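Please open the model in your viewer and keep the selection tool at hand. The tour below moves from one selection to the next and says what is found at each stop.

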Amino acid sequence: MEKDRSDFAVMNRMIDHIRLLIAVDDDTIPVKKKLETQAILKDFQSLLAEPPESQERGRIRGYHEILVRDLGEEADVAALLSSLRNYIPYI
């Protein structure tokens, strides 16, 4: 079966990878931060699932900024968050 390569599908896979990286990092990310960021990622992903014309761009941008601030020290996560800018031009 061929993988969906739409921008939305790629973006969702990137967010899923971020979730996984956070979940398996037992050394540098405290449990409280993991729980908080997982909730933010869930909201972030659901906001992005809305049609582009009805997306709450301010909230999406805000969530992205929070994630970058809280997880920017994790190189793999930071790279994925940065790459999301290719799919969400207004962040």
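A nonpolar core, as the term is used here, is a set of buried Ala, Val, Leu, Ile, Met, Phe, Trp, Tyr and Cys residues joined through side-chain atoms within 4.5 Å, where buried means under 20% relative accessible area, exposed means over 50%, and partly exposed lies in between (1.4 Å probe, protein chains only). The structure is a predicted model, in which local features need pLDDT of at least 70 and side-chain atom pairs count only at pLDDT 80 or more, while totals for chains, interfaces and linings use all residues. Residues are numbered from 1 along each chain as its sequence is written, and side-chain values use heavy atoms, with hydrogens and water left out.

**The whole chain**

Begin with a cartoon view of the protein, which has four helices and zero strands and follows the pattern α-α-α-α when read along the sequence; helices (H or I, at least four residues) and strands (E, at least two) are DSSP runs, numbered from the N terminus. The radius of gyration is 13 Å, close to the 12 Å that the globule rule gives for 91 residues, so the protein is as compact as a globular protein of that length; this radius is taken over C-alpha atoms, and the rule is 2.2 Å times the number of residues to the power 0.38. If you turn the C-alpha trace along its principal axes, it spans about 40 × 35 × 20 Å. Of the 91 residues, 35% count as buried.

Contact here means heavy atoms within 4.5 Å, and among the contacts with a separation of 6 or more, 58% are between residues 24 or more positions apart.

**The core**

Next, select Ile18, Phe44, Leu48, Ile60, Leu84 and Ile88, which touch the most other members of the largest nonpolar core, a set of 23 residues. The elements that give two or more residues to this core are helix 1 (7-24), helix 2 (31-48), helix 3 (57-71) and helix 4 (75-83), and helix 1 supplies the largest share, six residues. In soluble globular proteins, nonpolar side chains tend to be buried together.

Which residues does isoleucine 88 contact, leaving aside its neighbours within four places in sequence? Show Met11, Phe44, Leu48 and Ile60 beside isoleucine 88, and you have its contacts.

**Two neighbours in helix 4**

Now move to valine 77, whose place is in helix 4 and which is buried, with a relative accessible area of 3%. Not counting residues up to four places away in sequence, valine 77 touches Ile18, Leu21 and Leu71. If you measure from valine 77 to isoleucine 22, C-alpha to C-alpha, the distance is 7.9 Å, although the two are 55 residues apart in sequence.

Select alanine 78, also found in helix 4: is this residue buried or partly exposed? At 24% relative accessibility, alanine 78 counts as partly exposed, and, with residues up to four places away again left out, it touches Leu71 and Gly72. The C-alpha atoms of alanine 78 and isoleucine 18 are separated by 8.9 Å, with their positions 60 residues apart along the chain.

**A stop in helix 2**

Finally, go to glutamine 38 in helix 2, which counts as partly exposed at 21% relative accessibility. Glutamine 38 touches Arg19, Ile22 and Ala23, not counting residues up to four places away in sequence. Asparagine 86, which is 48 residues apart from glutamine 38 along the chain, has its C-alpha atom 22 Å from that of glutamine 38.
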